[in-house]
Amino acid sequence: MPYKIVASQCTGCSACEPECPNKAISEKDGIFLIDPKKCTECIGFFDEPQCVAVCPVDHTCIVDKSLPRYQR
Amino acid sequence: MEALKEPGQGISARFSNLKGLTIPVAPHKGCGSSGGSGKSSCGSSAGSGDLPSEIWEKVKNHPCYSEEAHHHYARMHVAVAPACNIQCNYCNRKYDCANESRPGVVSERLTPEQAAKKVLAVASEIPQMTVLGIAGPGDPLANPDKTFQTFDLVFKAAPDIKLCLSTNGLALPDHVERIKDFKVDHVTITINMIDPEVGARIYPWVFFRHKRYTGKDAAKLLSERQLQGLEMLTQAGILCKVNSVMIPGINDDHLVEVNKAVKSRGAFLHNIMPLISAPEHGTVFGLSGQRGPSAQELKALQDKCEGEMNMMRHCRQCRADAVGLLGEDRGAEFTTERIESMEVEYDAAKRRAYRDSVEIEREARKAARERELLTLAGENSGRKILVAVATKGGGKVNEHFGHAKEFQIYELSVAGSKFVGHRRVDLYCQGGYGEEDALAGVIRAINDCVAVFVAKIGGCPKEELRKAGIEPVDQYAYGYIETATISYFRSYLQRLKNGELVDVERGDAMIRQGAFIELGEPAGQAA
Ligand code: SF4
Ligand code: SF4
Ligand code: SF4
């Protein structure tokens, strides 16, 4: 399940962007986004999802359950 | 962990083998040009004579390192590095990095190109500008590309500007080579503990090599990397200052150990800063009611750590995008918009001419101080008093009481006049607040002082100050601070002898907490 960034919590610090092994994170007008097609939850790269581990605000990088393919 | 608690041993032994390879880091005589204690740390000395000349050359025009220089030279910070790799309980990342900044004021984040242009624009308009610092918000070494790219652009366009950076130290050992390559003059490392038990109460986590560490593991890792980075830098001949945030009940006593540990690893200056924490800042400490130290607690700790090492006492914990002389912020004049539209012409000759004139002025100040000091020869009294001075720079008593945004505090004794700190206050003669409250705030801030030196003062505040036992002194208007204070001290001793004065112990004073404390509120932090 890919991660997403809760935009209202994000401080725009940019710490997550360079940590993502899949370059899934990008910035648009100061807001950071995760491309769900690229996010692999860091599986195969690291033990912890890097965006979660580096983000200074808890519960800002969270698993995205809203995508249709995860709703059943 | 045990090794960490024993700061001396292994490392200092290793360190001593490196003598000759390293620059001799001040075989301290307890005083030096650098640091807040600066030349005034032992009153009588001029500064330049007390430091190895290589170090003096490096710090003499650096306002953040040399207490004397900060009267004459300006620095600027640019905020290019928003990401951070650790979390501190005194920081709320929605705002600035609390380790160098006034919390609650958001700095404008710049790209390296914007930042470099801003530096050149400021340097052209403010010839006093000698130093560019990158200090956050965030950790400059958690953003190494942005940081070093900014340094590179500035170094190519204006090689006379000194570069410095402040870091939490976690990534430091990985970047020592680049710091050398980019000719960074000074590095400041914020070290609040060497004991992971203490550290666990300050740092909830660190992010290192793709993993988040918490608790004591995090603190131990951070501490090891900080001390290792410090050693590597001093071995490479780069000046290192250590900042520590004093957090009463958590690391206040422990900072004496930290002081020893960093001294033995070659730090040339230790800056102990008061914790700034108010609930409005939204930091963990702000919300948990962790208080900051009072003026007396801070000074007592700084005094305890002095002795063999310079203590810095003039740090104003400036904002990450501060511009100008310390205590003055001209950042608002240099907005990104304005800079973007500017044609910047960098005039190195004009800047050099300004610096030459400053050197002449500094020599005059030094000579005047030495002459004045002679008049104390023969006095012998163990008496020490504090006085406050309203100044806008140049080492002179040149600020109107009502315009002072801060007071500089000097300790007077037969050894001379020693700078020991500054106190920020709210403008007394500013409309809106009600003058009574503002005046009460000023009195609270300098309550430990016997006198306040001003260029000018009105009749009403004069009366109130007298009632509070603080003597308003305006006869030295526009004179040199040291000359004025020494002369005052001489007459103070005289009046004591004549019985015109009774000597009373002064109380404690309050350190103003950031921008949010309401005036007229009782000093909650000092509880
Ligand atoms: S979980 Fe890993 S792959 Fe997914 S966005 Fe975060 S850092 Fe990138
Ligand atoms: S690390 Fe967190 S706060 Fe910083 S940009 Fe990424 S999501 Fe936003
Ligand atoms: S190092 Fe600076 S930016 Fe990072 S958490 Fe600490 S105070 Fe904040």
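How do the residues of the shell around ligand 1 divide into nonpolar, polar and charged? Keep that in mind as you load the structure, which is a predicted model.

**Stop 1: ligand 1**

Select ligand 1 and show its surroundings. You should find 13 residues around ligand 1. The closest are A:Cys20, A:Asn22, A:Cys39, A:Cys42 and A:Cys51. Now colour the shell by residue class. The shell of ligand 1 holds 9 nonpolar, 3 polar and 1 charged.

**Stop 2: ligand 2**

Move to ligand 2. Start with the cysteines: A:Cys10, A:Cys13, A:Cys16, A:Cys55 and A:Cys61 are among the residues around ligand 2. Then add A:Ile5, A:Thr11, A:Gly12, A:Ser14, A:Phe32, A:Pro56 and A:Thr60, which also surround ligand 2. By class, this shell has 8 nonpolar and 4 polar residues. No charged residue belongs to the shell of ligand 2.

**Stop 3: a proline in a loop**

Stay in chain A and select A:Pro49. This residue sits in the loop that runs between β3 (31-34) and α1 (50-54) of chain A. Is A:Pro49 buried or exposed? A:Pro49 is buried, at 18% relative accessibility, because the cut-off for buried is under 20%.

Show what touches A:Pro49. Apart from neighbours within four places in sequence, A:Pro49 contacts A:Tyr3, A:Glu41 and A:Cys42. You have met A:Cys42 already, as one of the closest residues to ligand 1. Next, draw a distance from A:Pro49 to A:Ser26. Their C-alpha atoms are 16 Å apart, and 23 residues separate them along the chain.

**Stop 4: where chain A meets chain B**

Display both chains and look at the interface. Here 16 residues of chain A touch 14 residues of chain B. Which three residues of chain A supply 32% of the area that chain A buries against chain B? Select A:Thr11, A:Glu48 and A:Pro56; no other three residues supply more. Two of these should look familiar: A:Thr11 and A:Pro56 also stand around ligand 2.

The area buried between chain A and chain B is about 1200 Å². Carbon and sulfur atoms give 49% of that area. On the chain A side, the touching residues divide into 8 nonpolar, 5 polar and 3 charged.

How many salt bridges does the rule find across the interface of chain A and chain B? The count is 0. Polar contacts are present, though: 6 residue pairs across this interface make them.

**Stop 5: chain B as a whole**

Hide chain A. Chain B has 527 residues, and 61% count as buried. Switch to a cartoon view to see its 16 helices and 16 strands. Among contacts in chain B with a separation of 6 or more, 74% join residues 24 or more positions apart.

**Stop 6: helix α9**

Select residues 254-264 of chain B, which form helix α9. Its buried residues are B:His254, B:Leu255, B:Val256, B:Val258, B:Asn259, B:Ala261 and B:Val262. Look along the axis and remember one rule of helices. An α-helix has 3.6 residues a turn, so residues three or four places apart point the same way. Just past α9 of chain B, find B:Gly266, which has a positive phi of about 95°.

**Stop 7: salt bridges**

Over all chains, the count comes to 22 salt bridges. Side chains of opposite charge can pair when their charged atoms come close. Visit three of these pairs in chain B.

Begin with B:Arg291 and B:Glu297, whose side chains form a salt bridge at 2.9 Å, N to O. B:Arg291 is partly exposed at 24% relative accessible area. B:Glu297 is partly exposed too, at 29%.

Next, select B:Lys299 and B:Glu411. The closest N and O atoms of this salt bridge are 2.7 Å apart. B:Lys299 lies in helix α11 (residues 295-305) and B:Glu411 in strand β13 (residues 406-413), so the pair ties together parts 112 residues apart in sequence. B:Lys299 is buried at 15% relative accessibility, and B:Glu411 is buried at 11%.

Then go to B:Arg495 and B:Glu471, a salt bridge with its closest N and O atoms 3.2 Å apart. This pair links helix α16 (residues 481-498) with strand β16 (residues 471-473), 24 residues apart. B:Arg495 counts as buried at 18%, whereas B:Glu471 is partly exposed at 25%.

End the tour at B:Asp174, B:Arg209 and B:Arg225. Salt bridges with shared partners join these residues into one network.

Conventions: Residues numbered from 1 in each chain as written. Chains lettered and ligands numbered in written order. Predicted model: local features only at pLDDT ≥ 70, side-chain atom pairs only at ≥ 80, totals over all residues. Heavy atoms only, no water. Near = heavy atom within 4 Å. Nonpolar A, V, L, I, M, F, W, Y, C, P; charged D, E, K, R; others polar. Contact = heavy atoms within 4.5 Å. Buried area = accessible area lost by both parts, 1.4 Å probe. Salt bridge = Lys/Arg side-chain N within 4 Å of Asp/Glu carboxyl O. Polar contact = N/O pair within 3.5 Å; in protein donor to acceptor, adjacent residues only side chain to side chain. Buried < 20%, exposed > 50% of the residue type's maximum accessible area, 1.4 Å probe, protein only. Helix = DSSP H or I, 4+ residues; strand = E, 2+ residues; numbered from the N terminus.
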